[in-house]
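Q: Please take a close look at the charged and aromatic side chains in this structure. I would like to know which partners they have and how far each of them is covered.

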Amino acid sequence: MSSTTLLRTLQTGHVGLNVTDLNRSIDFYRAVLGLQLTHEGTDPERRYAMLGRDGRLVITLWQQSTGAFSTGTPGLHHLSFEVESLDEVHATENLLRGLGAEFAYDGVVPHGEGSASGGIFFSDPDGIRLEIYTRAGVDETPAEAPTTGAPTCGFF
């Protein structure tokens with residue numbers, strides 16, 4: 001029996017992220033993604049927070065790290081969230097600019113030359129690379145894809 005037979009309803013569950021400052025990360029993810037704090041572990045040795053939306057757990061934050069996110073070691077490349085419209089991408093970009101977020105590129109970036117999909121590429125307070133993208137409408141913007149010959153994820 002193949003795994004496709006066994007896992008017919010497979011989909012991504014929540015994502016767990018290590019952070020250095022739980023309160024700062026809770027504030028960031030609530031502001032940017034509109035998540036609600038659903039549960040928090042306050043034991044000083046095991047601090048964590050569960051953030052969700054519409055009754056579904058989306059992100060669990062674990063305060064158990066020091067330093068900043070490293071792109072040079074195996075693990076997470078980037079975390080991506082899809083929205084329905086280019087207007088939502090632009091609104092999130094404006095919010096992030098107000099929060100002082102660091103962007104990989106200025107403005108909305110297409111996933112490839114002539115691609116209708118694309119988004120913004122930025123980092124959270126710990127340097128974790130994030131993307132907010134939409135599937136349509138980006139081909140109408142004047143931006144060029146920063147990577148040729150490969151799909152652009154904004155962090156290639």
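A: A residue is called buried here if its relative accessible area is under 20%, exposed if that area is over 50%, and partly exposed in between. Glu82, at 41% relative accessibility, therefore counts as partly exposed. The model is a predicted one, and the values below are computed from it.

Glu82 is a convenient place to begin. Its salt-bridge partner is Arg135, with the closest N and O atoms 2.8 Å apart. The two belong to distant parts of the chain: Glu82 is in strand β5 (residues 79–83), Arg135 is in the segment after β9, and 53 residues separate them. Arg135 has a relative accessibility of 59%, so this residue counts as exposed. The bridge thus pairs a partly exposed acid with an exposed base.

A search of the whole structure finds 5 salt bridges, and the one just described belongs to that set. Another is formed by Arg24 and Asp126, whose closest N and O atoms are 3.0 Å apart. This pair also links distant parts of the chain, with Arg24 in helix α2 (residues 22–33) and Asp126 in the loop between β8 and β9 (129–134), 102 residues apart. Arg24 has a relative accessible area of 34%, so the residue is partly exposed. Asp126, at 5% relative accessibility, counts as buried.

A further bridge stays within one element. Glu93 and Arg97 both lie in helix α3 (residues 86–99), 4 residues apart, which is about one turn of the helix. Their closest N and O atoms are 2.9 Å apart. Glu93 has 6% relative accessibility and therefore counts as buried, whereas Arg97, at 38%, counts as partly exposed. The pair does not stand alone, since Glu93, Arg97 and Asp106 are linked in a network of salt bridges.

Arg97 also leads to the aromatic side chains. Besides its bridge to Glu93, Arg97 lies over the face of Phe103, at 4.3 Å from the ring centre. Phe103 in turn pairs with Phe122: the ring centres are 6.3 Å apart and the planes meet at 50°, so the pair is tilted. The reasoning needs two cut-offs, since planes under 30 degrees apart count as stacked and those over 60 as edge-to-face. Phe103 lies in strand β6 (residues 102–103) and Phe122 in strand β8 (residues 118–123), so the pair ties together parts that are 19 residues apart in sequence. Phe103 has a relative accessibility of 17% and so counts as buried. Phe122 counts as buried as well, at 1%.

The structure holds 3 aromatic pairs. In one of them, Phe28 and Tyr29 have their ring centres 5.2 Å apart and their planes at 85°, so this pair is edge-to-face. Both Phe28 and Tyr29 are buried.

One more arginine deserves a look. Arg47 is placed in the loop between β2 (36–41) and β3 (48–53). Its relative accessible area is 19%, so Arg47 is buried. Leaving aside neighbours within four places in sequence, Arg47 is in contact with Leu22, Asn23, Glu40, Gly41, Thr42, Leu61, Trp62 and Gln63.

For contrast, there is a nonpolar patch on the surface. Leu6, Leu7 and Leu10 make this patch, which covers about 340 Å². Leu7 is in the loop between α1 (3–6) and β1 (15–19). With 47% relative accessibility, Leu7 counts as partly exposed.

These details sit in the following frame. The protein has 3 helices and 9 strands, and from the N terminus on its elements run α-β-α-β-β-β-β-α-β-β-β-β. Of its 156 residues, 39% are buried. Among contacts with a separation of 6 or more, 53% are between residues 24 or more positions apart. The accessible surface comes to about 9400 Å², and carbon and sulfur atoms account for 49% of that area.

To draw the part together: Arg97 is joined to Glu93 and Asp106 in a network of salt bridges and lies over the face of Phe103, and the ring of Phe103 forms a tilted pair with that of Phe122.

Definitions and conventions:
Residues numbered from 1 in each chain as written. Predicted model: local features only at pLDDT ≥ 70, side-chain atom pairs only at ≥ 80, totals over all residues. Heavy atoms only, no water. Phe/Tyr/Trp six-rings, centres within 6.5 Å; stacked < 30°, edge-to-face > 60°. Buried < 20%, exposed > 50% of the residue type's maximum accessible area, 1.4 Å probe, protein only. Lys NZ or Arg CZ within 6 Å of the ring centre and 35° of its normal. Patch = residues over 30% accessible without salt bridge, like charges linked within 9 Å, V, L, I, M, F, W, Y side chains within 5 Å. Areas by Shrake-Rupley, 256 points an atom, 1.4 Å probe, with all protein chains shown as cover. Salt bridge = Lys/Arg side-chain N within 4 Å of Asp/Glu carboxyl O. Contact = heavy atoms within 4.5 Å.
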